[in-house]
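This report is written to be read alongside the sequence and the coordinates. Please keep both in view while following the descriptions of sheets, helix packing and charged pairs.

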Amino acid sequence: MTSEASAVKCLSWNINGSFANKIPILDVVFEQNEVVCLQEHFVTSRSKSILSFNSSVSVYSVSAKQLSGKGRPSGGIATFVRSTLRSSVFEVNDNFLAIRVEGCVFINVYLPTNYHDERSERAFTYSSDKLGQCINRIRSLSLECILVGDFNCDLNEPLLSRSLRSTLLLSIFGDQFDLKCKDLNFTHVHTSMSTSDLDHVVASANLRISLVTVVLDFQLSDHLPIQFSAEIPCHSSDTQTQTTSKTPPRSRRDWRKINPVLFQEEAARVLSKIRVPFHLLSGLTALSREETQLSVDFYCAEIGHALRCAEKAAVPLSRPRHHTLPGWSENPELVDTHTKSKFWLQLWVSCGRPRSGVVTSIRLLTKRKFAKELKAHRKKMIDIESTRAKINPSLLWRFLSSKSDESLSASAIPDSEWYA
């Protein structure tokens, strides 16, 4: 079933805040990791298009919930997979998102928060049962599995003081899953500066997981990111049962119609909010080479984000060209009239485009004759299709849709088209 294994770099992070404010740093994260799992992105279904800001990754998301009209949303899960990897949706739930990547299923987990009341415990038990059903389904298909995210409980608690939450999850995982050790014993820093271990990496026992590291460079949330490397099995195309997701191509923009003033204003507005790291300006070398390189990458990513914002505001999208056959090519009788009209047009242009005279009169006569015959031909074709539509009405709509780009008026035919 498995042809080979490939090393994939992954990152899990509870960003716990505005997704838009973290887009510059997420650009850096996407460049360094093939699979990125985010929790609590606060993006609702109305603004979910903001998740597709990077065209190099496929996006899978569970929208955040807003229980009332006021206040901020809560929750939200998103998994980003580099488009070079085959990926598809395996299962979607309010508290976890299972995405198949090659021959492995990544489960992005955000279990209910512990408010130390009966309601939150019931919600946690219900979500855990659903998670267990998903894991059993993965096992039945003989697929490997990796669970990452915010479990909202400490799975590393000692046996004698283990909570009911940890006991329930560890019983679901069983002996076929291993809890991977991290280089730090905490991933969450409370406002009171107390720490707890809520984010974990749990993987199938057959998978090789290495370099499980708590990243301290991105201190933009109360949770710290977890980065690791996994060797996942690669399956051939005939063994993949799910539909492969393709990243839509980035929309092309018509730079010939750019608004330079708006481009400069928007770029200046976004660039004015960028903070240059002090140690880069002062030339201090107290930081390590890796930390300095990270600061430079983050600064460059913010500049790139500013330019993309300016491009989106000032450069319109280019409209795709529809290659349709002209109406005169469908009737051999119109070809002769079109040829004569084109000849007299070229002769009139070579004569200096006179406003009166024999050449001007003949050019206008041939143009009007061609436009009249073309209009009559198109009307005749529509009448024929209307007659057929009495038997099958869908034929008429199909015909009109194919002719939607063709105008029935002669004024829609520019002089430049006659040279074609």
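The sections below take up the basis of the model, its two sheets and a selection of its salt bridges.

## Basis of the description

The model is a predicted one, in which local features need pLDDT of at least 70 and side-chain atom pairs count only at pLDDT 80 or more, whereas totals for chains, interfaces and linings use all residues. Residues are numbered from 1 along each chain as its sequence is written, and side-chain values rest on heavy atoms, with hydrogens and water left out.

Helices (H or I, at least four residues) and strands (E, at least two) are DSSP runs numbered from the N terminus, and two strands are taken to pair if DSSP finds at least two bridges between them.

## The sheet from β5 to β9

Six strands make up an open sheet with mixed pairing, in the order β5-β6-β7-β8-β12-β9. Its edge strands are β5 (87-92) and β9 (177-179), each of which pairs on one side only. From one strand to the next the twist averages 20°, where axes are lines fitted to C-alpha atoms (for helices over the stretch in contact) and angles run from 0 to 180 degrees between N-to-C directions.

Helix α2 (residues 118-140) packs on this sheet, touching β5, β6 (96-101), β7 (104-110), β8 (144-150) and β9, with contact meaning heavy atoms within 4.5 Å. The direction of helix α2 makes about 135° with that of β5. At the β9 edge, three bridges join β9 to strand β12 (residues 199-204), and the two strands run antiparallel; Leu179 has Val202 of β12 as its bridge partner.

## The sheet from β3 to β13

Another open sheet of six strands, also with mixed pairing, follows the order β3-β4-β2-β1-β14-β13. Strands β3 (57-62) and β13 (208-214) stand at its edges, and because each has a single partner strand, one side of each is left without a neighbour in the sheet. Neighbouring strands here are turned by 20° against each other on average, direction ignored.

Within this sheet, strand β1 (residues 4-14) and strand β14 (residues 226-234) run antiparallel and are joined by nine bridges. One position in this pairing is Cys10, whose bridge partner in β14 is Phe228.

## Salt bridges

A search of the whole structure finds 13 salt bridges, each defined as a side-chain nitrogen of Lys or Arg within 4 Å of a carboxyl oxygen of Asp or Glu. Among them is the pair of Arg165 and Glu121, at 3.3 Å from N to O. Arg165 lies in helix α3 (residues 164-173) and Glu121 in helix α2, so the pair ties together parts that are 44 residues apart in sequence. Arg165 is buried at 4% relative accessible area, while Glu121 is partly exposed at 27%; buried means under 20%, exposed over 50%, and partly exposed in between (1.4 Å probe, protein chains only).

Asp197 and Lys182 also meet in a salt bridge, at 3.2 Å from N to O. Asp197 belongs to the loop between β11 (195-196) and β12, and Lys182 to the loop between β9 and β10 (188-189), so parts 15 residues apart in sequence are tied together. Asp197 counts as buried at 5% relative accessibility, and Lys182 counts as buried at 15%. A further salt bridge joins Glu231 and Arg208 at 3.7 Å from N to O; Glu231 lies in strand β14 and Arg208 in strand β13, so this pair links parts 23 residues apart in sequence. Glu231 is partly exposed, at 34% relative accessibility, and Arg208 is exposed, at 56%.
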